[in-house]
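Work through these exercises with the structure open beside you. Try each task before reading its solution.

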There are 2 protein chains.
Amino acid sequence: MQIAIVLYPNFTALDAVGPYEILSRLPGAETVFVAEQAGPVLNDQSQLSIVATKTFAEVTRPDIVLVPGGPGQENQMENGALLDWLRAVDATTTWTTSVCTGSLALAAAGLLKGRRATSHWLALEVLAGLGVEATGERVVVDGKYVTAAGVSSGIDMGLTLVGKIAGERAAQTIQLLTEYDPQPPYDAGSPEKAPADIVEYWRANSRHANN
Amino acid sequence: MQIAIVLYPNFTALDAVGPYEILSRLPGAETVFVAEQAGPVLNDQSQLSIVATKTFAEVTRPDIVLVPGGPGQENQMENGALLDWLRAVDATTTWTTSVCTGSLALAAAGLLKGRRATSHWLALEVLAGLGVEATGERVVVDGKYVTAAGVSSGIDMGLTLVGKIAGERAAQTIQLLTEYDPQPPYDAGSPEKAPADIVEYWRANSRHANN
């Protein structure tokens, strides 16, 4: 089972690495990091590079494709190389997935038309504008399309997918080995829970949110 | 404020990237990935490389140092280059931290002697054997030494540190922007919660746990 994780300049690191750490532990999984060009791809803070080992041309039939989000995603909305590749591989994927604003790229490729999907809470209106039934849920499964909300939600999506692919015990095993027993010291992880003034500030300044 | 995240062959990706995604958003933070040699460093699944942009020699006074865990950590316990560097930078750090089995490297460097600390649940006995008061807690703060349990716990540690460094509102802001509102689809993230037979299997086979 090949899992292709897309990289592009200014992606958000945890969007890719959260679900990677879960999905790559699936029995028989081979994970490849794929980009327009092979080589290091710099993240949204220009501090972290993950190496893309394959080009789009070299990955033609992944079983799972995952598109992370990040500020750089905005440029990807008009990147024919990525959108064409997404449409091509989607024809044979078992699961087509995204984290955070990665769902905007799936939508731009026309893959989420009329489907339910999620995204970073600051991007839900843009997603709805692309003909998608945008929800604020953390993980949305609509057929083979699985989308996760902002950044850290890709971990929950990864475990959801492992459960569907390999069963509950495989998911429990990976949850145990990655010790995913979250105990956030604060309770501000969604716009419903965070202090209202912080939420409002970022709604007004979301282009700088680095989400 | 310079944050140095250590890389070494066979590190676990989420151990490094979870807290990176949180800590790098601290106002004024500069994060560097540091290793014995600069260049791509391959993770424990040999599928993901993060680029080390600095060598140990080039990073002499980080404010925060973070050591991730992973199967490769075992070789690091006898790597004088890393242990000498950890001892040297620890003399001036504000916070010396680890995720997962990274605490074993801090202990091997002599930095946790007699202190309370944590590690991956499968590594707590080894940690105790190094003269550390090993606890199963998810995040342990003992003076300037902050250790996190397995893999995903570095995210909770990152938010804990942000709260201590920049205050509650900074931590809430980063939690909101990374949408860290965990909703694991299973409840098996600790040895107390996972099915007992899965826990027992991995206690008996922990050298293969890829933790």
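The model is predicted.

**Exercise 1. Place Leu66(A) in the fold, and decide whether Leu66(A) is buried or exposed.**

Solution.
- Start with the secondary structure. Leu66(A) sits in strand β6 of chain A, which covers residues 64–67.
- Next, count the surroundings. There are 28 other C-beta atoms within 10 Å of Leu66(A). The cut-off for a buried residue is 20 or more, so Leu66(A) is buried.
- Now list the contacts, setting aside neighbours within four places in sequence. Leu66(A) touches Ile3(A), Ile5(A), Val6(A), Pro19(A), Thr97(A), Ser98(A) and Val99(A).
- Last, check a distance along the chain. Phe56(A) is ten residues from Leu66(A) in sequence, and their C-alpha atoms are 13 Å apart.

**Exercise 2. Describe how α1(B) lies against α6(B).**

Solution.
- Two packed helices are described by the angle between their axes and the distance between the axes.
- Take both values. The axes of α1(B) (residues 13–23) and α6(B) (residues 153–166) come within 8 Å and cross at roughly 30 degrees.
- Classify the angle. Angles under 35 degrees count as roughly parallel, so α1(B) is roughly parallel to α6(B).
- Add the hand. The crossing of α1(B) past α6(B) is right-handed.
- Name the residues that meet. α1(B) contributes Asp15(B), Gly18(B), Pro19(B), Ile22(B) and Leu23(B). From α6(B) come Gly154(B), Ile155(B), Met157(B), Gly158(B), Leu159(B), Leu161(B) and Val162(B).
- Sort this contact by class: eight nonpolar, three polar and one charged residues.

**Exercise 3. How many residues of α1(B) are buried, and what follows for the helix?**

Solution.
- Go along the helix. The buried residues include Ala13(B), Leu14(B), Ala16(B), Val17(B), Tyr20(B) and Glu21(B). Asp15(B), Gly18(B), Pro19(B), Ile22(B) and Leu23(B) are buried too.
- Draw the conclusion. Eleven of the eleven residues of α1(B) are buried, so the helix is largely enclosed by the rest of the structure.

**Exercise 4. Work out how chain A and chain B are related, and what surface each uses.**

Solution.
- Superpose the copies. A turn of 180 degrees with a shift of 0.0 Å along the axis lays chain A on chain B, with an RMSD of 0.0 Å.
- Interpret that. The two copies are therefore related as by a two-fold rotation axis.
- Find the axis on chain A. Ile50(A) is the residue of chain A that comes closest to the axis, with its C-alpha at 2.3 Å.
- Count the interface. In chain A, 59 residues contact 59 residues of chain B.
- Ask which elements take part. In chain A, α1, β2, β4, α6, α7 and α8 each supply at least two residues of the side that touches chain B. The largest share, eight residues, comes from α7(A).
- Sort the side of chain A that touches chain B by class: 29 nonpolar, 21 polar and nine charged residues.
- Compare the two sides. 100% of the interface residues of chain A are also interface residues in chain B, so the copies meet through the same surface.

**Exercise 5. Analyse the packing of α8(A) on α7(B) across the two chains.**

Solution.
- Read the geometry. The axes come within 10 Å and cross at roughly 55 degrees.
- That angle makes α8(A) oblique to α7(B).
- α8(A) passes α7(B) in a right-handed crossing.
- Identify the residues. Ile198(A), Val199(A) and Trp202(A) of α8(A) meet Arg169(B), Gln172(B), Thr173(B), Leu176(B) and Leu177(B) of α7(B).
- By class, this contact has five nonpolar, two polar and one charged residues.

Note on methods:
Residues numbered from 1 in each chain as written. Chains lettered and ligands numbered in written order. Predicted model: local features only at pLDDT ≥ 70, side-chain atom pairs only at ≥ 80, totals over all residues. Contact = placed C-beta atoms within 7 Å. Helix = DSSP H or I, 4+ residues; strand = E, 2+ residues; numbered from the N terminus. Nonpolar A, V, L, I, M, F, W, Y, C, P; charged D, E, K, R; others polar. Least-squares fit on C-alpha atoms with pLDDT ≥ 70 in both. Axes fitted to C-alpha atoms, helices over the stretch in contact; angles between N-to-C directions. Parallel < 35°, antiparallel > 145°, perpendicular 65-115°, else oblique. Left-handed = near helix turned anticlockwise from the far one by under 90°. Buried ≥ 20, exposed ≤ 12 C-beta atoms within 10 Å, placed from the backbone.
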